[in-house]
Amino acid sequence: MLTSHLCSMVIAHYNPKGLCAGNCIPLTPPPNTAYMSATSINIQPVKGGSEIHNFREKELSYVRSELSHLNESWTIDSISSRLDDIKQRYQNATGQRMQKKATPIREGVIVIESGTSMDQLRDFATRCEAEFGIKAFQIHMHKDEGHMNSKEWKPNLHAHIVFDWTQKNGKSIKLNRQDMTKMQTMLSESLGMQRGKSSDREHLNAIQFKAEQEVAKIQKLQKEAKSIEVTKSVKSTVFKASERIRDFVGASVNDKEKDALRAENKALTAKLEKASSDNRLLNENLKREGRENQSNKTELNRAREINKSLREYVTAIKKELKGFGLSFEREDQKQAIKNLFPNVHKAMDFDSQKQNQEQNRGRGMSR
């Protein structure tokens with residue numbers, strides 16, 4: 001674990017006086033050194049949203065998009081892919097799954113200056129791998145972040161280096177305080193910058209800067225909330241005073257107008273409720289009539305089917321009777337059929353009536 005020598009990046013550990021909570025490495029420039037920009041690196045376990053931030057996949061309030069073209073990125077692997085590889089190496093070596101609290105991938109936030117190049121950062125990454133075994137697989141330079149300070153843009157120039165902090169067997173690499181001190185020296189040499197104090201307010205890392213922004217937002221919201229409470233208190237006092245005056249002098253002309261408007265509004269509300277009720281009843285009637293109409297259509301279709309069956313039946317009977325030499329033109333034979341086969345005769349009469357109705361409908365005589 002590196003908690004004994006890494007600077008905490010949580011706002012709760014930030015001292016308003018510009019000092020860390022006791023976990024920073026004091027970096028003091030040599031005496032009589034000419035002034036140059038100072039650099040430092042702060043390392044912590046990589047966060048879930050690291051790539052979203054580093055690749056600018058989400059709009060950020062503290063980023064000036066017109067400066068984003070100055071950013072640079074170098075990457076040979078994604079965080080998820082590298083993490084899967086580390087877990088597999090660890091399981092192959094130990095026969096066990098890696099613990100959830102393990103931090104095999106870590107991210108260093110580096111203070112840079114406007115002239116810092118990607119080659120300088122890659123030189124630092126190469127020296128770290130040779131010296132400590134930690135392997136960088138992503139580097140991102142951000143020159144579009146900052147904040148407004150007295151109507152002046154204050155840039156927050158920094159870089160992110162994402163390290164594979166493991167050995168070949170997937171186990172984490174252990175670095176002591178001396179190793180971290182040496183890393184700071186290597187960084188200043190690669191970037192050609194002075195070794196700065198990581199607690200210097202001029203060179204806050206990105207996470208500390210964002211935390212400060214959140215604190216500022218909270219303070220602003222608290223101030224606005226207090227202002228709202230004062231306004232509510234004043235309104236409450238004025239309302240109570242007006243009620244006392246009202247009780248003393250009685251209802252004013254304005255109050256009477258308000259009462260009349262309330263009465264009118266109540267009447268309109270009642271009319272609206274009645275209209276809504278009438279509309280509801282009308283809809284119910286329409287639905288009921290629709291159901292009845294559907295039922296009538298069903299009955300009509302059933303009657304048509306019966307009529308069709310009867311006509312077919314009559315046609316068959318006629319054909320069969322003709323086979324016996326009976327003619328439907330003679331009244332005596334019709335009467336005989338009526339006496340012998342009353343149901344057949346009824347069907348014949350029904351068919352005859354339907355034919356007459358069809359003929360009359362064709363002449364425009366049907367209802």
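Start by selecting Ile 41 and Ile 110: in this predicted model, Ile 41 stands opposite Ile 110 of strand β4. Now widen the selection to the two strands around this pair. Strand β2 covers residues 41–45, and β4 covers residues 105–111. The two run antiparallel and are joined by five bridges. Colour β2 by burial and you will find four of its five residues buried, so the strand is largely enclosed by the rest of the structure.

**Stepping back**

Zoom out for a moment to see the whole protein chain. The secondary structure comes to eight helices and nine strands. Of the 367 residues, 30% are buried. If you display the accessible surface, you are looking at about 25000 Å², with 52% of that belonging to carbon and sulfur atoms. Contacts often bridge long stretches of sequence here: among those between residues at least 6 apart, 75% join residues at least 24 apart.

**Strand β5 and its two partners**

Next, select residues 135–142, which form strand β5. How many of its eight residues are buried? Seven are, leaving the strand mostly covered.

Add residues 72–75, which make up strand β3. β3 and β5 pair in the antiparallel sense, over four bridges. To see one of the matched positions, pick Glu 72, whose bridge partner in β5 is Met 141.

Then add residues 158–164, strand β8. This strand also pairs with β5 in the antiparallel sense, over seven bridges. Which residue of β8 is the bridge partner of His 142? That partner is His 158.

Stay on His 158 a little longer. With a relative accessibility of 1%, His 158 counts as buried. Now select Val 111 as well and draw a distance between the C-alpha atoms: the two residues are 47 apart in sequence but 4.5 Å apart in space.

**Into the nonpolar cores**

In soluble globular proteins, nonpolar side chains tend to be buried together. To explore that idea here, show the side chains of Ile 110, Phe 124 and Met 183. Within the largest nonpolar core, which has 28 residues, these three touch the most other members. The elements giving two or more residues to this core are β2, α3 (118–132), β5, β8 and α4 (177–191). Helix α3 gives the most, with six residues.

Centre the view on Met 183 and look at what surrounds this side chain. Leaving aside residues up to four places away in sequence, Met 183 touches Ile 41, Ile 43, Phe 124, Cys 128, Phe 132, Ile 134, Trp 165 and Leu 175. Ile 41, where the tour began, is one of these neighbours.

There is also a second, separate core, made up of seven residues. Select Ile 86, Tyr 90, Met 98 and Phe 137 to find part of it.

**Rings to look for**

Now show the aromatic side chains. A search of the whole structure finds one aromatic pair, and Phe 163 and Trp 165 are its members. How do their rings meet? They are edge-to-face, with 5.8 Å from centre to centre and 85° between the planes. Both residues are buried.

For the last stop, select Arg 64 and Trp 153. The charged end of Arg 64 sits over the ring of Trp 153, 5.0 Å from the ring centre.

Terms used: Residues numbered from 1 in each chain as written. Predicted model: local features only at pLDDT ≥ 70, side-chain atom pairs only at ≥ 80, totals over all residues. Heavy atoms only, no water. Buried < 20%, exposed > 50% of the residue type's maximum accessible area, 1.4 Å probe, protein only. Contact = heavy atoms within 4.5 Å. Areas by Shrake-Rupley, 256 points an atom, 1.4 Å probe, with all protein chains shown as cover. Pairing = 2+ DSSP bridges. Core = buried A, V, L, I, M, F, W, Y, C linked by side-chain atoms within 4.5 Å. Phe/Tyr/Trp six-rings, centres within 6.5 Å; stacked < 30°, edge-to-face > 60°. Lys NZ or Arg CZ within 6 Å of the ring centre and 35° of its normal.
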